[in-house]
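Visitor: I am in my first year and would like a close look at a single part of this structure, the place where chain B meets chain A. Could you take me through that part slowly, together with the spaces that belong to the same surroundings?

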Amino acid sequence: MFDVEKAFGGTPILKGLTLTIEEGQTMSIIGGSGSGKSTALKHMVGLLRPDDGEVYVDEQNVSRLDQESLYDLRRNVGYVFQFAALFDSMTIAENVGMGLRRMPSLNDEAIDERVVECLHMVGLEGTDQRLPSELSGGQRKRAGFARAIATRPKYMLYDEPTTGLDPVTTAVIDELIVRLSDELGVTGVVITHDMKSAFRISDRVAMLYHGGIRFEGTPNELRMCEDPVVKGFIEGRPELMGIAP
Amino acid sequence: MPHIVRPIQAVGRTTLRTVGAVGRAGYLAVDAVRALRKVSLWAPHLVGQMAKIGVDSIPIALFVALFTGIVLALQASYTLTGAVPLYFVGALVGKTMLVELGPVLTALALSGRVGANIAAEIGSMRVSEQIDALETLAYDPVAYLVVPRVIAGAIMFPVVVILADALGIAAGLGTAVSRLDMSAFEFLKGLRLFFETWDVWFSVIKSISFGLAVTSVGCFFGFHTTGGAEGVGRATTRAVVVSTMIILALDAFWAATLLK
């Protein structure tokens with residue numbers, strides 16, 4: 001992302017954001033609520049177009065792609081939504097199989113097999129015929145995760161994948177993110193507030209602050225960072241950030 | 001000075017909002033026309049939408065038509081008694097049901113049922129990021145959500161309206177026979193006297209345009225919903241209000257252009 005600017009209703013959210021994510025790496029983006037993390041993520045897959053600046057994926061300028069090229073690009077991207085965004089009129093199996101049905105190389109049998117495999121990976125065996133409304137919040141989130149990985153994408157974008165999950169499920173999801181990266185070379189971008197997760201899964205971490213990058217580096221560099229804003233955020237000490245507790 | 005400026009500012013803001021909405025509606029219309037060629041995305045949902053928009057709307061449409069037919073026959077008798085032969089009741093009921101009240105009242109009833117339902121459904125999908133999810137899974141949401149609903153509306157509104165026309169006329173006949181001291185033969189004589197096949201076509205043309213309007217407006221407001229549950233409520237209300245206005249404007253337009 002180069003010099004990306006985005007405003008909503010006259011309120012600037014991203015102010016010249018520049019961020020590079022290397023292939024095969026997992027980058028966590030941290031930052032306070034409203035700092036523009038989700039907005040940045042949506043730019044990477046063309047759900048939002050920048051007011052100014054450019055976003056490149058695979059050397060393609062996402063903000064200038066026509067609709068069909070954008071859909072071609074998205075076939076290589078899995079997106080885990082903050083609140084799962086499951087289709088509430090469909091069963092969990094239908095939800096997970098949605099992206100697979102856009103792949104002409106897969107027949108119904110192969111799709112069913114892949115769905116079962118993905119549900120197993122996230123620990124949701126036996127829920128395939130249930131509706132999203134019949135699952136707990138954490139289960140819905142995992143179903144959303146299964147849907148995102150079902151197409152075996154080259155890139156994974158995670159919008160708070162572990163928020164609201166219990167510690168065990170969080171560890172399972174973290175492990176999955178690490179495995180996708182280590183074993184399959186998937187490039188990942190993770191929006192998270194969970195610093196424990198960020199340290200566990202990331203090759204690099206970027207902190208967004210007031211619409212721009214305040215810090216970028218490895219998890220170790222983040223731990224050593226002396227910037228009071230960064231330190232205050234990762235240690236949960238608002239007084240360091242100039243915010244009255 | 002602020003007293004003068006504020007109303008001007010309000011007019012300016014409203015104008016800008018309206019122009020913006022018209023522009024967005026234009027974009028959605030262009031996208032919908034382009035999405036027509038993605039048959040594999042919309043065709044599987046067409047029959048389901050036809051059932052939801054058309055078949056499920058038949059009870060309310062028939063309910064409206066039944067009472068409209070009864071009232072029309074009674075009012076026609078009240079107006080015409082002593083002035084013209086009573087069999088003109090059949091002519092008036094038939095003509096009015098086919099040309100005006102059948103299509104318009106059915107469309108108004110359906111704008112509440114169908115338009116509101118579409119706006120609420122798509123609006124909920126928008127605020128819960130389901131439309132974004134469709135996009136990330138490489139589904140064109142316009143082809144997937146808008147096109148089947150609009151085509152289903154264009155096909156099913158005329159079907160529902162023709163059924164409503166028929167029941168309204170039958171209700172008028174039943175009322176004439178049971179309450180107005182008329183025979184069925186007299187009523188049908190009047191009905192045939194002024195019947196023209198064109199009236200049926202006119203009813204069909206009008207209802208196709210109403211079907212397109214109600215479903216498109218519902219889709220538009222649903223698609224542009226913002227602001228959570230409150231936003232969904234707002235989109236639903238706007239969809240009903242705007243489609244009602246468009247139905248009445250189209251009604252006048254068709255009368256001015258086709259009834260000569």
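Guide: What follows is a walk along the contact of the two chains, and then through the hollow spaces described for this model. Please keep in mind from the start that the model is predicted, and that the values below are computed from it.

Let us begin with the contact as a whole, to which chain B brings 18 residues and chain A brings 22 residues. Together chain B and chain A bury about 1800 Å², and 56% of that area lies on carbon and sulfur atoms. If you look at the side of chain B that touches chain A and sort its residues by class, you will find nine nonpolar, four polar and five charged residues. Three helices of chain B, namely α2 (39–53), α5 (130–136) and α6 (141–179), each supply at least two residues of that side, and α5(B) gives the most, with six residues.

Charged side chains also meet across this boundary, where four salt bridges are found between chain B and chain A, while the structure holds 25 salt bridges over all chains. One of the salt bridges between the chains joins B:Glu135 to A:Arg74, with a distance of 2.6 Å from N to O. On the chain B side this pair starts from helix α5, where B:Glu135 sits, and it crosses to A:Arg74 in helix α2 of chain A, which covers residues 67–74. Another salt bridge is formed by B:Lys38 with A:Glu68, whose closest N and O atoms are 2.9 Å apart. Besides counting salt bridges, one can count polar contacts, and there are eight residue pairs in polar contact across the interface of chain B and chain A, with both residues of each pair at pLDDT 80 or more.

From the contact we can turn to the enclosed spaces, of which the structure holds three of 30 Å³ or more, all of them cavities. The second largest cavity, with about 40 Å³ of space, has a lining made up of residues from both chains: A:Val77, A:Gly78, A:Tyr79, A:Phe81, A:Arg147 and A:Ala148 from chain A, and B:Ala133, B:Thr136 and B:Leu137 from chain B. Two or more of these lining residues come from each of β7 (77–80) and α5 (137–149) of chain A and α5 of chain B, with the largest share, three residues, given by β7(A). By class, this lining has six nonpolar, two polar and one charged residues.

The largest cavity holds about 60 Å³ of space, and its lining includes B:Gln49, B:Lys52, B:Arg113 and B:Arg149. Five residues of that lining, the largest share, come from α4(B), and the classes in the lining are three nonpolar, two polar and four charged.

Finally, there is an open space to consider, the second largest pocket, which contains about 630 Å³. Among the 23 residues lining this pocket, those closest to its centre are A:Ser89, A:Met90, A:Met98, B:His45 and B:Tyr144. The helices α2, α4 and α6 of chain B are the elements that give two or more residues to the pocket lining, and α2(B) provides the largest share, seven residues. Sorted by class, the lining of the second largest pocket has nine nonpolar, seven polar and seven charged residues.

Technical notes
Residues are numbered from 1 along each chain as its sequence is written. Chains are lettered from A and ligands numbered from 1 in the order in which they are written. This is a predicted model: local features need pLDDT of at least 70, side-chain atom pairs count only at pLDDT 80 or more; totals for chains, interfaces and linings use all residues. Side-chain values use heavy atoms; hydrogens and water are left out. Contact means heavy atoms within 4.5 Å. Buried area is the accessible area (1.4 Å probe) that two parts lose on being put together, summed over both. A polar contact is a pair of N or O atoms within 3.5 Å; within protein, one must be able to donate a hydrogen and the other to accept it, and residues adjacent in sequence count only if both atoms are side-chain atoms. Helices (H or I, at least four residues) and strands (E, at least two) are DSSP runs, numbered from the N terminus. Ala, Val, Leu, Ile, Met, Phe, Trp, Tyr, Cys and Pro count as nonpolar, Asp, Glu, Lys and Arg as charged, and the others, Gly among them, as polar. On a 1 Å grid over the protein atoms alone, a cavity is a set of points where a 1.4 Å probe fits but cannot get out, and a pocket is an open set with protein on both sides within 12 Å along at least five of seven lines; lining residues have an atom within 4 Å of a point. Grid points are joined across faces, edges and corners, and a volume is the space filled by probe spheres set on the points.
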